[in-house]
Amino acid sequence: MDIQTLLSFEWGMMAPEFTILIVGILLSLLDLFGKDTWKKSLPWLAVGGVGVAIIFLLFQYGHGDISILGNTYVFDSFAFYFKLILLIATLLILLMVISRTVQQEVRDRGEYLYLLLAALLGGMMVASGGDLISLFVGLELLSLSSYIMVGLRKRDVRSSEGAMKYLINGSIATAFTLFGMSYVFGLTGSTKLVDIAREMSGSLGSGEPVAIIGFIIMFVGLAFKISTVPFHMWTPDVYEGAVTPVSAFLSVVSKSAGFIIIVRIFWGIFGNATFGGSDTLFATMIDFIAVLAFLTMFIGNLVALRQRNMKRLLAYSSIGHAGYILIPLVSLTPVSLENIWFYLLAYAFMTIGAFMVIYILEQQKQSEDISIFTGLYRESPALAIIMTIFLASLAGIPGTAGFIGKFNIFVGAVAADPAQYILAGTMAVMTVVSYIYYFNIMVQMYIRKPQLEGTTKIARLQSVPLILCVAGTIGLGVFPFIALNFFH
Amino acid sequence: MNGEFIAFLILSFTAILGGILMLNLKKVVHMLLSVVLTFVSLAGIYVLLSAEFVAVVQILIYSGAVTIILAFGIMLTKHTARDERTSNRLRAALVGVGVLVFFFTVYGAIDNLFFGPGAEGLHVENTQQIGERIFAHYVIPFELVSIVLLVALMGAIVLARKEGEENK
């Protein structure tokens, strides 16, 4: 390959990735050599970098499909829309990091920032990978950065415990994923998704059982990332141990990246593979994923009922939400991808918002127990109302983004062929179950009396991510067609 | 049964033996040595597949670097540590059943697998081909791997540094 071929690619399409990479490296250098007075503005540099990346990405709206270096980097509409979610979520989380008022928690603030950016870069590569190798390396970059971020709260035993569990579980998951990929590679002789799909669309013949083994093993490995039951055991411990912004990051960005890679690989490869002459291989494996989705919704929501630690509660609720997002994956309709995208976007706003409220209260009351919400309405009506909005959205009350997301998924599940009535029914029942624990928090906020007299103030910086999340949650709930039209 | 097949049988047997020994030996240093057995046997299998470069890298990195790092890790910590485990018969039985089920599933899947004629000319300039693939075709993931390495390095420093030292 000579230099002219190399230069003939549209490297400009990688501008968002390059921006994140450059800002990340710049941050680490400034953190190392810069003066102490500069270091306070480092987080703003990170915010600026992500902002510039979003602008670069928005300029690519409607651009045709691009492939660089034999599909190791692809740009298509799928990559565009999902990268947007990753970038917006990371921006909100960075704003959350900046708003911190208590300084003792994590001393190494600089590291924290470029680890976040490195993880984001990994997630973006996952969205843009057209080759198993790029997808895998991107996922590993995301995972490795996450392991370290969880362990950053070094004085806390729970943080070390969470990091250790995350590392071991994550490594096992990686091994599974890679093992499954090796089967697919062995069967088709290529790591390029397009080539694999083409090889598989012909008759697999005696290779069919191997393809199924590869499918299951790979899905099990990736199911760790999106924490579906029974591969969810690490989630509550890790969310509890990590600093709250990192928990939010894992809950939103890491999980979205998991769904992105699943959609990319499983729809891309197995959606075309013929099985037994008539159905696609993916269609025959739908029951496998449907069982996982059922278990995830069921166990995630039921166990959440028993939680008193707010971060553990949100961890179990996020497991439940992962179950909902698996439904459009198995109820194949033309709008499935749109439903996944919309739900992930809504999920990003409401989850980060809820974590932000917990973060504010946690810093003031030095506790993560549900009692931090006791009598919040008397202490700070604004914060109580904001939290109510996020809870309503998480529970799926009309007028919020969560409702539209759930409604679309429900309709999609019923309209699909074959219709997934059991999954749709489970979703409806589990939504009602989730009302119990979400409304329990509201009871704490509005009906109980505060334990200590005093008011909880929202600092100006803290209000920025809150306002953005409220705007996103309500905006997508009232005008969902803006986002949905944007998607087409 | 030709020589290649016999060599494969011996090498794969020692590779599996190393893995089983690692799980069952009590002393950490013995575990380390059994892992080395696995690594070296795998290198032998790579040679059989005419992937000499990968074999040499396997010996250099795994049998060399990784083993030495593990040895240092053992030396600097409690190197007399013994693995005290409580035997749980039920769990052992369940794991055994799982392993057997997996074995028969995979065996059933690959029993009738037909791949067509094997690839020819694998040994022709394969190191050069690997280099060309990595530094031209796969340059984006390759560069990304360097970021992974950077993150791992920074993480090791951040996590290993003692609290309070940064206030100097």
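1. Let's start with the lining of the largest cavity: its residues split into eleven nonpolar, two polar and no charged. Keep in mind while reading that this is a predicted model. The lining has 13 residues in total, and those nearest the cavity centre are G24(A), I25(A), Y114(A), A118(A) and I147(B).

2. How much space lies in that largest cavity? About 120 Å³. As for the count, there is one cavity of 30 Å³ or more.

3. Which helices build the lining? At least two residues each come from α2 (15-33) and α6 (109-128) of chain A, and from α6 (139-160) of chain B. The top contributor is α2(A), which supplies five residues of the lining. Both chains therefore have a hand in this cavity, with I147(B) listed among the residues nearest the centre and membership of the lining decided by having an atom within 4 Å of a cavity point.

4. Staying on helix α2 of chain A, have a look at I22(A), which sits in that helix. Is I22(A) buried or exposed? I22(A) counts as exposed because its relative accessibility is 54%, and the cut-off for exposed is over 50%. I22(A) also makes a handy distance marker: L117(A) is 95 residues away in sequence, yet the two C-alpha atoms are 9.9 Å apart.

5. Now the largest nonpolar core. It holds 193 residues, and the members touching the most others are I265(A), F266(A), F270(A) and F373(A). The helix giving the most to this core is α16 of chain A (residues 336-365), with 20 residues.

6. F373(A) deserves its own point. If you set aside neighbours within four places in sequence, what does F373(A) contact? The list is M310(A), V357(A), I358(A), L361(A), M387(A), I441(A), Q444(A) and M445(A). Three of the names to pick out on screen are V357(A), I358(A) and L361(A), which fall in the residue range 336-365 of helix α16.

7. Just past that helix, check the backbone at Q366(A). Its phi is near 55 degrees, a positive value in a residue other than glycine. Q366(A) belongs to the loop between α16 and α17 (376-379) of chain A. Q366(A) counts as exposed because its relative accessible area is 61%, where exposed means over 50%.

8. Chain B has a positive phi to look at as well. S50(B), not a glycine, has a phi of about 50 degrees. Where is S50(B)? In the loop between α2 (28-48) and α3 (52-76) of chain B.

9. One more backbone item, back in chain A: the peptide bond joining V229(A) and P230(A) is cis, with omega about 5 degrees. P230(A) is part of the loop that links α10 (208-225) to α11 (234-241) in chain A.

10. Helix α21 of chain A (residues 460-478) gives us a pair to compare, starting with I467(A). I467(A) is rated exposed because its relative accessibility comes to 56%. V464(A) is in helix α21 too, but with 34% relative accessibility V464(A) is rated partly exposed. The class boundaries behind those two labels are 20% and 50%.

11. Both of those residues have partners from far along the chain to measure to on screen. I467(A) and S99(A) are 368 residues apart in sequence, with 13 Å between their C-alpha atoms. For V464(A) and K39(A), the sequence gap is 425 residues and the C-alpha separation is 21 Å.

12. Over in chain B, L37(B) lies in helix α2. L37(B) is partly exposed, because its relative accessibility is 32%. Which residues does L37(B) touch, leaving aside neighbours within four places in sequence? T14(B), L17(B) and G18(B). With G18(B), 19 residues away along the chain, the C-alpha to C-alpha distance is 5.4 Å.

13. Last, the annotation for chain B. The UniProt entry, which is unreviewed, puts "transmembrane region" at residues 6-25, 32-49, 55-77, 89-110 and 135-160. In the model, residues 6-25 of chain B are 95% helix and 0% strand, with end C-alpha atoms 28 Å apart. Residues 135-160 of chain B come out at 96% helix and 0% strand, and there the end C-alpha atoms are 33 Å apart.

Key:
Residues are numbered from 1 along each chain as its sequence is written. Chains are lettered from A and ligands numbered from 1 in the order in which they are written. This is a predicted model: local features need pLDDT of at least 70, side-chain atom pairs count only at pLDDT 80 or more; totals for chains, interfaces and linings use all residues. Side-chain values use heavy atoms; hydrogens and water are left out. A nonpolar core is a set of buried Ala, Val, Leu, Ile, Met, Phe, Trp, Tyr and Cys residues joined through side-chain atoms within 4.5 Å. Buried means under 20% relative accessible area, exposed over 50%, partly exposed in between (1.4 Å probe, protein chains only). Helices (H or I, at least four residues) and strands (E, at least two) are DSSP runs, numbered from the N terminus. Contact means heavy atoms within 4.5 Å. On a 1 Å grid over the protein atoms alone, a cavity is a set of points where a 1.4 Å probe fits but cannot get out, and a pocket is an open set with protein on both sides within 12 Å along at least five of seven lines; lining residues have an atom within 4 Å of a point. Grid points are joined across faces, edges and corners, and a volume is the space filled by probe spheres set on the points. Ala, Val, Leu, Ile, Met, Phe, Trp, Tyr, Cys and Pro count as nonpolar, Asp, Glu, Lys and Arg as charged, and the others, Gly among them, as polar. UniProt positions are given in the numbering used here, feature names are shortened, and annotations may be inferred rather than shown by experiment.
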